[in-house]
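Reader: Give me a close look at the salt bridges in this model and at what surrounds them. Keep it brisk.

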Amino acid sequence: KDDAWIGEHLKGRSMSGEEILPPGWSKHWSNTWKKHYWFNSKTGEQSWEPPKFEVPQNPSQVKDKQQEESVQESVKKKAKTDGSSTNQPKANQPSQSKSANSKGGGGAKLGGLGSILGSIQNDQRAPTPAEAEAKRKRREAEEERKAEEKAQREQYILWVQNTLQSFQEGEKEYHEFPPSDYIHRVIVKDEAECMGLVSFSHGEKEEDKRVYVFKPERAPNDWEGRYLRMGGTVQELIERRARGDTFKEYNTAFSLHDAKVVSKTKARQKVDQADLEEEMEAKNVIQRDADRSAVQEAALRIKESHRARQDAQ
């Protein structure tokens with residue numbers, strides 16, 4: 001029965017089949033990521049993995065273990081007392097110590113071992129009042145920091161809810177949240193989904209990523225989604241919509257990978273064309289300079305020939 005009791009707790013479930021969680025933890029479902037996550041209401045900590053749970057011990061086993069430790073401690077104390085009363089100094093102890101000192105480094109090794117044992121004993125000693133007070137202050141500071149983070153997260157959730165409510169009741173086509181980290185983006189997406197809105201993250205760099213929220217009837221379709229994933233911005237999307245653009249060049253005839261290759265090829269061709277135009281312009285300038293120099297040289301030769309004929313006459 002005891003083994004079955006422990007086995008059930010090792011599996012993280014009670015005898016009735018319910019999942020066992022450490023104090024403060026609760027299990028939730030993320031509609032955005034379609035999987036469970038765990039949240040600690042005391043510390044504000046969130047995790048995609050189940051929290052580690054220390055297996056509780058059976059009360060009967062705890063009592064047996066305490067009795068066994070008590071018996072072992074009594075045996076050790078008795079053995080230590082008997083040894084101190086019966087051990088007598090041996091006659092050859094001085095010679096042994098002398099022999100040990102005569103061996104190279106023997107005494108140094110024993111001294112090093114003694115210092116190690118001494119440091120271990122110091123580590124195991126009871127903390128001084130000052131050390132205990134410092135530890136208490138660190139623990140209180142950590143608890144205060146976690147409580148502050150929890151309060152800030154709750155305030156952020158409330159702000160997101162109010163912002164989405166105002167957007168839903170207004171006439172705006174979309175709402176753009178400021179750049180945020182992964183946890184805050186997940187909070188926005190979950191709240192938007194609960195209110196029946198469409199949301200997605202967008203941004204090339206991690207520090208630039210933000211959440212855009214659309215009303216369902218104005219959310220980007222598949223072609224517009226391809227356009228955004230290929231580097232387009234939401235502002236450009238809205239402008240092209242206003243011009244009546246259908247984004248038909250982003251249809252399903254090509255995969256997203258193929259479309260990116262085509263886009264990169266066009267960009268590369270554009271750069272090559274600009275380089276070619278600059279090179280041709282440079283050649284034209286050189287040619288014009290060369291032609292101007294040739295005309296000047298020809299005119300100079302004609303003047304010299306005319307002057308020579310005048311001198312001859």
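Author: Glu149 is partly exposed, at 34% relative accessible area. The model is a predicted one. Glu149 has a salt-bridge partner, Arg145, and their closest N and O atoms are 2.6 Å apart. Arg145 counts as partly exposed too, at 35% relative accessibility. Both residues sit in helix H5, residues 129–169, four residues apart, so about one helical turn separates them. The spacing has a general background: an α-helix has 3.6 residues a turn, so residues three or four places apart point the same way.

How many salt bridges are there by this rule? The count is eleven. A few are worth following.

Take Arg210 and Glu176. Their side chains meet in a salt bridge, 2.7 Å from N to O. This pair links distant parts of the chain: Arg210 belongs to strand S6 (residues 210–214), Glu176 to strand S4 (residues 174–176), and their positions lie 34 residues apart. Glu176 is partly exposed, with a relative accessibility of 28%.

Arg210 has another arginine in contact, Arg185. Arg185 lies in helix H6, residues 182–194. It is buried, at 6% relative accessibility; the cut-off for buried is under 20%. Neighbours within four places in sequence aside, the contacts of Arg185 are Ser180, Ser201, Glu206, Lys209, Arg210 and Val211.

Next comes Arg240. Its salt-bridge partner is Asp245, with 2.6 Å between the closest N and O atoms. Is Arg240 buried or exposed? Arg240 is buried: its relative accessible area is 14%, and buried means under 20%. Asp245, at 27%, is partly exposed. Salt bridges with shared partners also build a network, which joins Glu173, Arg218, Glu224 and Arg241.

Arg240 and Arg241 both bring us to helix H8, residues 234–242. The buried residues of H8 are Val234, Leu237, Ile238, Arg240 and Arg241. Down the helix axis, these residues fall within an arc of 165°, so they line one face of H8. What does that set of residues pack against? The partners are S4, strand S5 (198–202), S6 and helix H7 (222–229). Two of these elements are familiar: S4 holds Glu176 and S6 holds Arg210. Just after H8 comes Gly244, with a positive phi of about 85°.

Now for contrast, a nonpolar surface spot. Trp33, Tyr182 and Ile183 form a nonpolar patch there, with about 260 Å² of accessible area together. Trp33 is in the loop between strand S1 (25–30) and strand S2 (35–40). At 36% relative accessibility, Trp33 counts as partly exposed. H6 spans residues 182–194, and the patch includes Tyr182 and Ile183.

Last, the setting. The protein has nine helices and six strands. It has 313 residues, and 19% of them count as buried; Arg185 is one buried residue, Arg240 another. Among contacts with a separation of 6 or more, 48% are between residues 24 or more positions apart. The accessible surface comes to about 23,800 Å², and carbon and sulfur atoms hold 53% of that.

Technical notes. Residues are numbered from 1 along each chain as its sequence is written. This is a predicted model: local features need pLDDT of at least 70, side-chain atom pairs count only at pLDDT 80 or more; totals for chains, interfaces and linings use all residues. Side-chain values use heavy atoms; hydrogens and water are left out. A salt bridge is a side-chain nitrogen of Lys or Arg within 4 Å of a carboxyl oxygen of Asp or Glu. Helices (H or I, at least four residues) and strands (E, at least two) are DSSP runs, numbered from the N terminus. Buried means under 20% relative accessible area, exposed over 50%, partly exposed in between (1.4 Å probe, protein chains only). The arc is that of the directions from the helix axis to the C-beta atoms. Contact means heavy atoms within 4.5 Å. Accessible areas come from the Shrake-Rupley method with a 1.4 Å probe; for residues, only the protein chains shown count as cover. Patches are made of residues with over 30% relative accessible area and no salt bridge: like charges are joined within 9 Å, nonpolar side chains (Val, Leu, Ile, Met, Phe, Trp, Tyr) within 5 Å.
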